[in-house]
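These are my notebook entries on one structure, kept in the order in which I looked things up. I begin with the overall figures and then turn to single elements, residues and empty spaces.

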Amino acid sequence: MPISLYNSLSRRIEPFAPLDPNRVTVYLCGPTVYSYVHIGNARGPVVFDVLVKLLRRHYPQVIYARNITDVDDKINHAAIERGVPIGSITGRFTKAYREDMAKLGIAQPDIEPFATQHIDQIIRMIEILITGGHAYVAEGHVLFDVSSYPNYGALSGRDIDELIAGARVEVAPYKKNPTDFVLWKPSTPELPGWDSPWGRGRPGWHIECSAMSAAHLGETIDIHAGGVDLQFPHHENEIAQSTCAHGGKVFARWWLHNGMLTFDGRKMSKSLGNVLHVHELLKMHPPEALRLLLLRGHYRQPLDWSDAAIAQSISTLDGWYRVLRELSAIELDPAQPLPVPAQLEETLSDDLNTPKALAELSLLADAARQAPSAATKAALLGAGTMLGLLQDDVEVWFKQAGGQNVDAEHVESLLEARHAARAAKDFARADAIRNELMAMGVMIEDGAQGTRWSIVKH
């Protein structure tokens with residue numbers, strides 16, 4: 001079944017056809033590693049993780065790159081504030097980012113380029129732009145001349161005057177035009193820097209992604225993805241400098257942008273004090289519940305975070321895992337790959353419609369409950385795997401509180417004591433133990449298969 005994706009550049013849904021069906025290329029703008037990322041920063045990695053899974057089912061090779069920006073003024077500020085080299089900051093938060101993304105079920109990309117490891121490629125690209133008349137040197141800076149690229153503004157759909165009015169444009173006396181942006185800037189002694197034809201300095205943010213994507217994926221890539229907040233100026237600038245550096249070649253054939261995450265209807269902002277870091281949320285909630293919440297809305301639309309939304313995600317997963325618990329006696333052949341139900345794949349192939357895919361997952365759970373079999377269980381698990389859900393061991397899911405596991409041995413010892421009390425007909429003692437467990441947030445269920453327990457997560 002064909003895959004169709006909304007292209008932000010053409011502003012319509014188009015049948016996806018890679019430049020080379022044997023080598024599909026995807027680039028996602030990654031984090032600037034100066035702090036822990038907030039939950040909104042995880043939406044793109046989660047959504048496009050599903051996209052890459054889908055593409056891998058259709059094409060023999062998908063090369064997925066997600067960069068790390070490890071030189072930036074925010075990083076420099078954090079390093080100076082702490083009195084440490086930038087590598088101390090970037091190393092710590094790169095590690096944290098990888099760990100947090102892995103907990104959310106996001107596969108590590110095939111390529112994870114670092115800006116500081118591509119300084120030579122960045123300098124070479126800037127040299128090409130200067131030679132071609134698309135960039136100029138001014139007071140130790142190198143700037144891209146926006147007037148040299150007539151199609152500037154095509155991605156965001158506004159003319160240059162509107163872009164100037166609607167964006168925070170750095171006004172500097174050495175600029176030829178207000179919209180010109182920095183490709184290279186000088187570094188004072190306390191700042192990180194590299195030798196270049198224009199003096200010791202460091203790259204501007206925008207040039208980094210252009211150089212890294214060209215180095216690893218080629219001058220023209222199939223899909224460039226990122227948050228809608230990056231559409232202007234970052235992605236607009238990437239298009240301009242890449243197209244001009246590569247002799248007019250198309251930079252990215254599809255542009256995919258995920259909507260922003262809001263908090264109770266308001267944009268997440270440090271100034272508003274409503275930034276929720278993934279690192280902390282993972283200590284409070286099951287990772288799959290966070291992932292499910294990020295998939296509940298269509299990726300192109302805004303998505304609101306609230307306590308009610310995360311509680312609903314936990315409740316939904318509880319229901320699906322309860323079905324799998326009921327099917328625990330049905331064993332699947334581990335040598336057989338899990339099937340991906342055709343309806344679910346068709347839904348995801350329609351511009352990555354994850355809300356509808358989650359509805360399909362609920363239907364599969366209902367079918368497995370009503371007609372338990374190896375086939376219905378495999379279909380449910382296969383659909384879950386495609387979305388990165390239902391990947392926990394069933395009993396582990398029920399025995400974790402928030403993002404942490406509880407003392408299972410202590411719970412089991414209390415259950416044994418309760419069982420002994422019931423066998424001795426000491427029902428008062430058995431009820432007391434049940435109440436003790438309830439106070440711990442442990443719910444117990446007596447059934448034909450014995451006593452099972454789970455943690456109340458909300």
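I take buried to mean under 20% relative accessible area. With that cut-off, 53% of the 458 residues of the protein count as buried. I note at the outset that this is a predicted model, and I read every value below as computed from it.

**Entry 1, overall.** I looked up the extent of the C-alpha trace and found that it spans about 90 × 55 × 40 Å along its principal axes. The secondary structure that I counted comes to 16 helices and 17 strands. For the accessible surface I noted about 20200 Å², with 53% of it belonging to carbon and sulfur atoms. I then checked how far apart in sequence the contacting residues are: among contacts with a separation of 6 or more, 75% are between residues 24 or more positions apart.

**Entry 2, the N-terminal hairpin.** I followed strand E1 (residues 4-7) into strand E2 (residues 12-15) and found the two paired in the antiparallel sense over four bridges. Leu5 stands opposite Glu14 in E2. The two strands form a hairpin with four residues between them, and in that turn I noted Arg11, which has a positive phi of about 60°.

**Entry 3, E9 and E10.** Here the sense of pairing is parallel: strand E9 (residues 221-227) and E10 are joined over six bridges, and I found Ile221 opposite Ala252 in E10. I also looked up the cover on E10 and recorded that six of its seven residues are buried, which leaves the strand mostly covered.

**Entry 4, Gly259.** Moving on along the chain, I came to Gly259, in the loop between strand E10 (252-258) and E11. Is this loop residue buried or exposed? Gly259 counts as buried because its relative accessibility is 5%, under the 20% limit. I then listed what it touches, leaving out residues up to four places away in sequence, and obtained Arg43, Val228, Tyr299, Arg300, Gln301 and Pro302. I also recorded the separation of Gly259 from Phe48, which is 211 residues in sequence and 12 Å in space, C-alpha to C-alpha.

**Entry 5, the sheet after the loop.** Which strands make up the open sheet, and in what order? I found three, in the order E12-E11-E13, with mixed pairing. Strand E12 (266-267) and strand E13 (303-305) are the edge strands, each pairing on one side only. Strand E11 (residues 261-263) pairs with E12 in the antiparallel sense over two bridges, and there I noted Phe263 opposite Arg266 in E12.

**Entry 6, two helices.** I asked how many residues of helix H9 (residues 287-296) are buried. Nine of the ten are, so the helix is largely enclosed by the rest of the structure. The buried set runs through Pro287, Glu288, Ala289, Leu290, Arg291, Leu292, Leu293, Leu294 and Leu295; I note that Glu288 and Arg291 are among them.

In helix H7 (residues 231-245) I looked at Gln241, which counts as buried because its relative accessible area is 0%. Leaving out residues up to four places away in sequence, Gln241 touches Leu129, Phe144, Phe181, Leu183, His206, Ile207 and Ser210.

**Entry 7, the cavity.** I searched for enclosed space and found one cavity of 30 Å³ or more, with a volume of about 40 Å³. Its lining consists of Val33, Ser35, Tyr36, Val37, Phe93, Ala96, Tyr97 and Asp100. By class I sorted these into six nonpolar, one polar and one charged.

**Entry 8, the second largest pocket.** Its volume is about 280 Å³. I counted 14 lining residues, with Leu324, Leu381, Asp392, Asp393 and Val394 nearest the centre of the pocket. Helix H10 (307-326), helix H13 (374-387) and helix H14 (394-398) each supply at least two residues of this lining, and the largest share, three residues, comes from H13. By class I recorded five nonpolar, three polar and six charged residues around the second largest pocket.

Conventions. Residues are numbered from 1 along each chain as its sequence is written. This is a predicted model: local features need pLDDT of at least 70, side-chain atom pairs count only at pLDDT 80 or more; totals for chains, interfaces and linings use all residues. Side-chain values use heavy atoms; hydrogens and water are left out. On a 1 Å grid over the protein atoms alone, a cavity is a set of points where a 1.4 Å probe fits but cannot get out, and a pocket is an open set with protein on both sides within 12 Å along at least five of seven lines; lining residues have an atom within 4 Å of a point. Grid points are joined across faces, edges and corners, and a volume is the space filled by probe spheres set on the points. Ala, Val, Leu, Ile, Met, Phe, Trp, Tyr, Cys and Pro count as nonpolar, Asp, Glu, Lys and Arg as charged, and the others, Gly among them, as polar. Two strands pair if DSSP finds at least two bridges between them. Buried means under 20% relative accessible area, exposed over 50%, partly exposed in between (1.4 Å probe, protein chains only). Contact means heavy atoms within 4.5 Å. Accessible areas come from the Shrake-Rupley method with a 1.4 Å probe; for residues, only the protein chains shown count as cover.
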